[in-house]
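Hi everyone, thanks for making time this morning. Let me put the structure up on the screen, and then we'll walk through it chain by chain.

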Amino acid sequence: MVAIPGPLRLRAKGLGLIVAIALSLQPSALLGEARRVISIIPATTEMLFAMGAGDRVIAIGNYDTYPPEAQKLPKVGALIDPNVEQILQMRPDLVVIYGTQTELKRRLDRANIAYYSYVHKGLSDIAQTIRSLGMRVGADAGANALASRIEQQLADIRRRVASQPRPKTLLVFGREPGSLRNIDASGGDGFLHDMLDAAGGADVLGDIHRQSVTMSTEMVLARAPDVIIELRYSKDDVNNADMSAWNRLSAVPAVKNRRVILLTGEEFVVPGPRVAAATRRLAAALHPEVRW
Amino acid sequence: MTLAAFGTVTLLACLLAPLVGSTSISLARVFDRSIPFADNTDAQVFFVARLPRVLAAALVGAGFSLSGVVFQALLRNPLAAPDTLGVSAGASLGAMLVLTAHADFTLFGVSVVPLATFAGALGALAIVFVLALAKGRGTSSTVLLLAGIAISALLSAAGRFIQYLSDVTGTFRTVQWLMGSLDVGSYAPILASLVPFGLACIGFATLPRILDLISLGEDAAEARGVDVVRAERVALVSASLSTGAAVSLGGPVLFVGIIVPHIVRRLVGADHRLVLPASALFGAALLIVCDLIARTIIAPVEMPVGIITAIIGGPFFLWLLFRGR
Amino acid sequence: MLQATNVSFAYRHGAKALDDVSVAIPRGSIVGLIGPNGSGKTTLVRLLNGTLTPSRGSVSLDDVPLSTRSRRDLARRIAVVPQETHVTFDFSALDIVLMGRYAHLGAFALEGPDDMAIARRALAATGTDALAPRQFATLSGGEKQRVVIAGALAQSSDILLLDEPTTALDVGFQFEIASLLTRLNRDHGTTMVVSTHDLNLAAMLCTELVLLKAGRVVAHGATRSVLTSENVRRLYGVEADVTFHPRAGHLTVVPLARTE
C-alpha cells in the first residue's frame with residue numbers, strides 16, 4: 001500500500017465518490033449493459049430468460065406466465081395499465097415496453113430511465129428483436145446463440161414441408177364460447193400468418209392484409225378451408241360440445257374430412273423464443289405424413 | 001301506412017335477405033335435394049349462415065322496437081330507450097362475467113353467453129321490480145325512472161369493474177360482444193329467445209290502448225278506468241323480457257329501440273294500437289336490412305351491425321324530422 | 001250518494017293533508033270545495049275518485065266502498081277533469097275525447113260508431129268540434145281544458161269531479177263552462193264536485209259548499225248560508241263584501257282588504 005498523506009487521501013476518496021455517483025446516474029444503457037431490467041411484455045420476458053439474462057430481470061408483466069422461474073418476480077402491469085409508480089420505485093436501468101405506450105415513455109424520460117421500445121411484428125423480426133435486446137442488456141452471446149438456434153429450427157421445418165402440398169388452412173385464435181360467432185382468424189399479415197406459412201400451410205385468408213379478421217359463418221363456407229386449426233392458450237379445458245360447433249358447417253372440407261384441430265399452449269400467441277416449437281407443432285398438425 | 005303494408009315489407013325483407021350476401025350462391029343448388037345437405041355448400045350458406053341471421057335480425061329488431069315503444073309510453077318520454085331501466089346493463093354484465101371467466105359450455109344447443117346475458121337481464125328486472133314496484137300502490141314513473149337509472153349505473157359500473165379484472169382476451173371478447181352480432185349460425189338460440197319473446201308478446205297484446213291512456217298521466221289513466229298498477233307491471237315485465245331476449249340473441253343493438261318508435265309514429269300516428277305492431281314489423285325489417293348491409297358492404301369482411309344501425313337510423317330519423325317541419 | 005266518512009290522509013313525506021273529513025255529495029247536486037292553497041282540496045278530489053286510499057275512514061259510492069269496485073266500474077260512474085293535462089305524444093283532440101270511452105269498451109275492442117257519436121256530441125257541448133282534428137299539444141290552455149271536459153263527458157258518467165276547471169280560461173270561457181256545467185246538471189242530473197279558488201264561480205255554480213282549511217272542514221251546507229263574509233275572513237284572511245246580485249241571480253264576493 002502506498003503511503004498517501006491524509007488530506008490527499010480524503011480528496012481522492014471524495015473524487016472517487018463523485019465519479020462513482022456520476023457513473024451511476026448515467027442511463028446504463030449507454031454503457032451497453034443493464035443490471036436491473038423490467039419487462040412487461042410476455043415475448044421479451046421469455047427472450048430475456050432464454051438468452052441467459054434472466055438474473056437481471058427484477059420485475060415482469062401481469063400476463064408473463066413463462067418461464068416458471070420468472071413467476072416469483074413482482075408483476076407491474078402490462079400494455080393497458082402499467083404500474084408506473086411501482087416501476088419507478090424499483091429503480092430499473094432498462095424497461096422493455098410497447099412502442100405504443102407513449103405516456104409511460106414520457107414518465108420514464110422524466111425519471112431519466114432508459115427503455116427499449118418493442119414492436120410486435122412478423123416471424124422474422126423475432127430473431128432480430130432477440131439480438132437487439134441482447135445487445136441492450138449486454139447478453140450478446142446468449143442472444144445471438146438463441147436467435148441462430150431459432151432461425152435454424154425454422155429453416156429446418158420449412159425444408160421438411162417444402163415438398164408437401166400446402167393445404168388451405170384457416171388459423172382461428174378465438175371465437176365466442178360455444179358458438180361460431182365472432183370467429184377471429186389470422187389474416188395475411190403478422191407472425192401467426194408467418195408461422196402458418198413456415199409450417200407448410202396456405203393461409204385461406206392470405207389475400208386479406210390484416211393481422212386479424214373477424215369471420216362470419218358464410219365466409220368460412222365460402223373460403224372452404226381444408227384444415228381448420230383452432231388455437232387456445234388458457235388453461236381451460238375444452239369439452240367436446242364446444243368443438244362440435246364446427247359440425248354445423250359440414251360442407252366445409254375441413255369439417256367433412258375431420259381436419260378440425262385444436263392446439264393449446266401459449267407458445268402460439270407469444271412471438272418469442274418458443275415460436276420454433278410452436279411452428280413445429282403446427283407443421284405436425286398440417287403434415288402428419290412427415291416424420292417429426 | 002297500414003299494418004298490412006308494414007307486414008308486406010317485413011315479409012319481403014325476410015324472403016329476400018337470405019338471397020343476398022358476400023358469396024354468390026345458386027338458388028337451384030340450394031334447393032337441390034339430390035345433393036346431400038352435408039356436402040351442399042350453397043345450401044349451408046343459405047340455411048346455416050344466412051337464414052338464421054335473418055330470423056335473428058327480425059326477432060332482435062322487433063324485440064328492441066317493442067320494448068322501446070312501451071318504455072317511451074310508460075315513462076312518458078319519447079326519448080326513452082329499451083335500456084332505461086337497466087335491463088341491458090344487467091344483460092351486458094352477465095355477458096361480461098362469462099366472457100371474463102372464459103366459461104365455455106352449452107345447454108340444449110344454446111351457448112353460455114346468451115344464457116348468461118338473459119340471466120343478467122332477468123336479474124336487473126328483478127332488482128327494479130323489488131325496489132320500485134313492491135313499494136305500496138305501484139309506482140310513479142319518476143320513481144321508476146330514477147330507480148332504473150340508478151340500477152343501470154350500478155350494473156354498468158360492475159361491468160366496468162369486471163372488465164378491469166379481465167385479461168386482454170376477455171376484454172377483447174367483451175368489446176366484440178358489445179358491438180352486436182347476428183351471426184348465430186344455428187336455430188337453437190333463436191328458439192330459446194323465442195320463449196321469453198313470446199311471453200313478452202302475450203303481455204304486449206293486452207297493452208296498446210292502455211299505453212295511450214298511461215301516456216296522459218297515471219292519474220288521468222286511472223280516472224278513465226285503467227288499472228295502472230297492474231298495467232305498469234305487465235308492461236315493465238314484458239318490455240324487460242323482450243329486451244332481454246333481444247340482447248341475448250344479438251347483443252346490445254339498442255339504437256333500434258329508440259328510433260323505430262319515432263319513425264313509426266311519424267308514419268302511422270300516435271295510437272298505440274297501430275304503433276305497437278307496426279314498430280315490431282318495422283324494427284324487424286330495419287334490422288334485417290342493416291345486417292344485410294353490414295355483411296356485404298366491405299365484403300369479404302363484415303362490419304358490426306350496431307354501426308350500421310347508427311349510420312342509417314340516425315340520418316333517416318333526422319330526415320323524417322325535418323321533412324315534417 | 002258519494003260519501004267520504006271520517007277520512008284522514010297523509011302523503012308519505014308530509015303532515016296530514018286531511019284530518020277527519022266527512023263530506024256527503026247528494027245525487028244531482030253541485031258541491032263546491034273551497035279553501036286556501038294547501039287546504040287539501042285536491043287531495044279530497046283524489047280520494048273521492050279513488051285515486052288515493054284514505055289512511056283512516058272510507059269513501060263509498062251508493063254505500064259501497066270504492067276500494068271494492070274495479071277501476072273500470074269507477075270510471076263508468078265518476079269522471080275527473082284535472083287542473084292540467086300533459087300529453088306526451090301527438091294525439092288529436094278527438095283522440096283525447098275518444099279515450100274517455102275506454103271504460104265502456106272491452107280490452108281489445110275498438111271504438112264503434114256509437115262511441116264516435118258520443119265523442120262528437122261531447123265536443124259540440126263544449127264548443128270544440130272545430131278543434132277535433134287538431135293536435136292537442138298545439139291548443140291554447142282554454143281550448144285544452146274544454147277538450148278535456150269533453151273527454152270527461154264522453155265517459156258518460158253520472159258524477160263529474162273538477163279540479164280548478166276554469167283557472168286557465170278567460171272570463172268568456174269561464175262563463176261558458178259554468179253555463180255548460182249548469183245545463184248538464186239540470187238536463188242530465190249529473191252530480192258535480194268542483195274544487196275552485198274562484199268564489200264567484202262557486203257562488204254561480206254550486207248549490208252546496210264545503211269549506212276546507214288546513215285539512216279540516218270548517219263549514220258546509222247550502223251556498224247562501226255558508227258563503228258569508230265571516231267565513232271568507234276565516235278561510236282567506238280577507239275582508240270581503242258578500243252580497244246577492246239581483247241581475248246575476250247569485251251571491252257575489254268582492255274582496256276589500258287583507259286582515260291577516
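Before I give you a percentage, here is the cut-off behind it: a residue is buried if 20 or more other C-beta atoms lie within 10 Å of its own. Please also keep in mind that this is a predicted model.

Let's start with chain B. Of its 325 residues, 57% count as buried by that cut-off. The secondary structure of chain B comes to 14 helices and two strands. The radius of gyration of chain B is 20 Å, close to the 20 Å that the globule rule gives for 325 residues, so chain B is as compact as a globular protein of that length. If you want the dimensions, the C-alpha trace of chain B spans about 65 × 50 × 35 Å along its principal axes. And how do the contacts spread along the sequence? Among contacts in chain B between residues at least 6 apart in sequence, 78% join residues at least 24 apart.

Now, where chain B touches chain A. The contact takes 34 residues from chain B and 29 residues from chain A. On the chain B side, three helices each supply at least two residues: H3 (41-74), H5 (112-133) and H7 (168-178). Which of them gives the largest share? That is H3(B), with six residues. As for chemistry, the chain B side divides into twelve nonpolar, 14 polar and eight charged residues.

On to chain A itself. Chain A is divided into domain 1, residues 29-153, and domain 2, residues 164-286. The centres of these two domains of chain A, taken over C-alpha atoms, are separated by 29 Å. Their contact takes 14 residues from domain 1 of chain A and 13 residues from domain 2 of chain A. Looking at the domain 1 side, the elements that give two or more residues are helix H2 (42-50) and helix H6 (140-161) of chain A. The largest share there, five residues, comes from H2(A). That domain 1 side of chain A divides into nine nonpolar residues, four polar and one charged.

While we are on chain A, have a look at strand S6, residues 183-186. What covers its two faces, or rather, which residues sit on each side? A:Ile183 and A:Ala185 are on one side, A:Asp184 and A:Ser186 are on the other, and all are buried, so to speak, with both faces of S6(A) covered. S6(A) also has strand partners. Strand S5 (residues 168-174) of chain A runs antiparallel to S6(A), joined by two bridges, and A:Val172 has A:Ala185 as its bridge partner in S6(A). Strand S8 (residues 212-215) of chain A pairs with S6(A) in the antiparallel sense over four bridges, and here the bridge partner of A:Ile183 is A:Met215.

Last stop, chain C, and a single residue: C:Val21. You will find C:Val21 in strand S2 (residues 16-25) of chain C. Is C:Val21 buried or exposed? C:Val21 is buried, because 24 other C-beta atoms lie within 10 Å, and the cut-off is 20 or more. Leaving aside neighbours within four places in sequence, C:Val21 is in contact with C:Ala4, C:Val7, C:Leu44, C:Arg216 and C:Val217. For a sense of distance, C:Ser70 is 49 residues apart from C:Val21 along the chain, and their C-alpha atoms are separated by 24 Å.

That's my tour, so over to you for questions.

Definitions and conventions. Residues are numbered from 1 along each chain as its sequence is written. Chains are lettered from A and ligands numbered from 1 in the order in which they are written. This is a predicted model: local features need pLDDT of at least 70, side-chain atom pairs count only at pLDDT 80 or more; totals for chains, interfaces and linings use all residues. A residue is buried if 20 or more other C-beta atoms lie within 10 Å of its own, exposed if 12 or fewer, and partly exposed in between; C-beta atoms are placed from the backbone. Two strands pair if DSSP finds at least two bridges between them. Domain bounds come from an automatic or database domain assignment. Two residues are in contact if their C-beta atoms, placed from the backbone, lie within 7 Å. Ala, Val, Leu, Ile, Met, Phe, Trp, Tyr, Cys and Pro count as nonpolar, Asp, Glu, Lys and Arg as charged, and the others, Gly among them, as polar. The radius of gyration is taken over C-alpha atoms; the globule rule is 2.2 Å times the number of residues to the power 0.38.
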